[in-house]
Amino acid sequence: MESLAQLEALCERLYNSQDSAERAHAENTLKCFSVNIEYISQCQYILDNALTPYALMLASSSLLKQVTDHTLALPLRLDIWSYLINYLAARGPKLQPFVTASLIQLLCRLTKFGWFDDDRFRDIVKESTNFLSQGTSDHYAIGLKILNQLVSEMNQPNPGLPSPHHRRVACSFRDNLLLQIFQISLTSLNQLKNDVASQLQGLSLSLALKCLSFDFVGTTIDESSEEFGTVQIPASWRSLLEDSSTLQIFFDYYAITEAPLSKEALECLVRLASVRRSLFTSDGAQTKFLVQLMTGTKEILQTGQGLADHDNYHEYCRLLGRFKVNYQLSELVNVEGYSDWIRLVAEFTLKSLQSWQWASSSVYHLLGLWFRLVASVPYLKSDAPSSLDEFVPKITEGFISSRFNSLQSGFPDDNSENLLDNVEVLQDQLEYMPHLCRFQCERSGFYIINIMEPILQSYTKIAQLQTFDNSELSITEAKLAWIVHIIAAILKIKPCTGSSVEAQEVLDAELSARVFQLINVTDSGLHSQRYGELSKQRLDQAILIFFQHFRKSYVGDQAIHSSKQFYARLSELLGLHDHLLVLNVIVGKIATNLKCCTKGEVIDHTLSLFLDLASGYMTGKLLLKLDTVKFMIANHTRERFRFLEELGCSRSRTTFYYTIGLLIFMEDSAVKFRSSMQPLLQVVLSLESTPDSMFRTDTVKYALFGLMRDLRGIAMATNSRKSYGLLFDWLYPTHMPLLLKGITHWIDTPEVTTPLLKFMAEFVLNKAHRVTFDSSSPNGILLFREVSKLLLVYGTRILSLPNPADMYAYKYKGIWISITILSRALAGNFCNFGVFELYGDRALSDALDIALKMTLSIPLADLLAFQKLTKAYFSFLEVLFSSHMGFILNLDTATFAQIVGSLESGLKGLNSNISTQCASVVDNLAAFYFNNITMGESPTLPSAINLARHIADCPSLFPQILKTLFELVLFDECGNQWSLSRPMLSLILVNEQIFADLKARILASQPVDQRQRLDICFDKLMADVTRSIDSKNRDKFTQNVSVFRHEFRMK
């Protein structure tokens, strides 16, 4: 008993201590209970004799981990299962709730894992009903808790259970017991109707909801999403669902309970409203179900009961939103009382819109309902009126007016609260508006115009004033921003078919004309001085979103021909008769933003729009006809575009010059290219003429890293051999020394070195085979020599610097970009690397040496901790082991073992791409060993001799990697099984004794009763596989691995 008292004290410290060291010591001391099978009997002793709930919790949680992580003998699992049933019956009512919950989870986990091992596990529902019939509320609660946890356990995958096995268990449970459990929940709900606000009501509702939320057909459950498709309830539930009392019980519970129980009742109704149509025996049964749903929801709308609670309100909106998901409009309008129902829903929607701040997420479901109703009107063949003509325009108007009302009452400046600052969320909120507006396009359109006209006139007058009320102007700009966002959303959905297409195009023209008028005002008078104001920036962002949607719908040759009415009306209003004139307006706004704005989202959105226009083949050609664009291409200087001077916009420079580069290279003219590069050439010449003594000034620093970002953008735009050649000839050999000069002087300043290295990484990237030179040209070799010089200068200096506090920013980032440069250069296929050794040139060996020194200077833990560093490192190894094996094998054994050992960590990582790269590296190495050592008489190549020596000195290297590969394939949910199977064969063939030893160890770790079956699985793995690594043999082995994995994981 003394030792038990000590254990209870340790458990107390484990769960309650505020001292982390004390908790860690307790956890380490008690760890044996959850990892060692021999301690299972001691866990039972603790459950029988311990007095504190924390000791009981330790025993229960330890048993849960044992059951999950280890395959225990069947008799032992059955004993624990029976023990738990009796324990809960005898002591359950007196236990702390968290102990009871843990024991029930253990019971249900045993049930699931043993489902196909013994039918006695399936008696859990029968045992639960025994708890329900014992007559005490405590036992009744335990019975309901067991069933709740059982349904949850069966519905969720477990770490210790392969996915296919989980689905087999879940399907068997669904077919045999789930309906019975749902019936138990309904029976309990009926019996407990008068037991107001009891725990049992909550448990019964929760059980019903879990049954209705079950993953009936094996789709992936996204717990973070509220959306789900049709609920695929099995046919065996048909009679229960067609019984009107099933649906009514949840409406009754909503009426008699308070939140959160009432919310759960509504959640059950949401699921029932989503039941598949084919479940019902006849149209009459389905109509009866629909009538009951509409009647119940109508009564809630009439009384408003429970809707003051936010959770109830939200769930009720979801319930209404499900109506049109599962039922046709023709079915709804034919239901008696439809007119009252749709009127009440419309009134409810309008009230919700007026309370937008409180119900913003809920309104989304209501607008979704109206959108689906509107979308069904063309297919409505019933003579019964839908009443949508009356209500939809009101809802559209209510949406817009609610936005204005919220602005008038004062909007927050906090970015997290104002939708105008979050364009993506705002676009989601406006998802359904274009469909609702186009339903009664003339009424909705003229409503928007009538609202916008006076605001636009007021905004125009303000432009001419000398002084103004800033708060009033901010509200005016916010209103205009909302209107422009709504017009942009309408234009996003272009009318394509139907008799009203021409009328809708005219409406689009009317709305667009107002926005174009607004653009002229925003950049004139007083407003031209307010680019730094937040409300002005929000308005400019809205205009840019409008341009994006306008471009997609009404710019382009096809758009011109299919939108004659649009441009005819736009010509009448503004004189803009084709898309070239419209593009001129758009580009004018882009240029104005780039000239006047200096920071913020406006610059990013402006450049994004500019890039989209330049990236399109047709729109790019049109841009080149505009004087504004010609001016920008010739005069892209800091004096012309203020944002280029701002440090906060330095990242945007690359996007700007990428766009400028696309436009330059679109003309395919060397003369045009050289003239367009004059502004950058002036910066280059200025830096080159700066003496070394003056090179460490801020002026040089800003000019240098700005130039590197600009050149990177130009390099990104070179997508062909010719355009790349123009940039290469401009840069090499005259200006390449500037890169070395920059690295040498600013090695300790990442603000300079990072953009410089990133430019070089882009410059050597052979995308679209752009880095291709004539067969008589030495440029490929010369380019690699420049890469080697740069890496050598950077690497030797960065390694000599003391370690800073922020290792990633000051060292690791530059190192991963450096090895990315080398990886791209080695894999670029623009240089014959044999030339360097042949002529005694150390460019290649120097580059490889310094890159390896940089990578080896980083601890493995850090290599794996930073995603970009990890990716660059393993990409580098992949290139080395595929094309430069000799370099790796010439390393000393300790370094070789360190590199190969790191591959094991990459294989185990969560990133499947990196795991695949590591598998490729291992395969190359093992295949080299097999071809040159295993199958050779005696190794003659120096690299083969070195590899044999390395493996002899590190005999566990290959066995450990093979063990890791088998563990990944057998016990992990690996998505790259094909890639992992390739090195497995190579390693098996390297030394078949390694495979035999590994097979013996794996079998020894499995239960005795499974070993014979698993031994046969291993025999099948090598069936018809020969001692060869040719493609045919590899494919056969890969097929065997799939079968082996499937059969091995079956229990």
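A crossing of two helices is called left-handed if the near helix is turned anticlockwise from the far one by less than a right angle, and right-handed if clockwise. Good morning, colleagues. The model before you is predicted, with local features requiring pLDDT of at least 70, side-chain atom pairs counted only at pLDDT 80 or more, and totals for chains, interfaces and linings using all residues. Residues are numbered from 1 along each chain as its sequence is written, and side-chain values use heavy atoms, with hydrogens and water left out.

I begin with helix α24 (residues 441-463) and helix α25 (residues 470-492), helices being DSSP runs of H or I, at least four residues, numbered from the N terminus. Their axes, lines fitted to C-alpha atoms over the stretch in contact, lie 10 Å apart, and the packing angle, on a scale from 0 to 180 degrees between N-to-C directions, is about 140°. α24 is therefore oblique to α25, as angles under 35 degrees count as roughly parallel, over 145 as roughly antiparallel, 65 to 115 as roughly perpendicular and the rest as oblique. The crossing of α24 and α25 is left-handed. In contact, meaning heavy atoms within 4.5 Å, are residues including I448, I451 and Y459 of α24 and L473, E477 and K479 of α25. The residues of this contact comprise 13 nonpolar, one polar and two charged.

I turn to the second pair. Helix α15 (residues 283-303) and helix α19 (residues 338-354) have axes that come within 10 Å and cross at roughly 45°. The two are therefore oblique to each other, and α15 and α19 also cross in a left-handed sense.

Terms used. Ala, Val, Leu, Ile, Met, Phe, Trp, Tyr, Cys and Pro count as nonpolar, Asp, Glu, Lys and Arg as charged, and the others, Gly among them, as polar.
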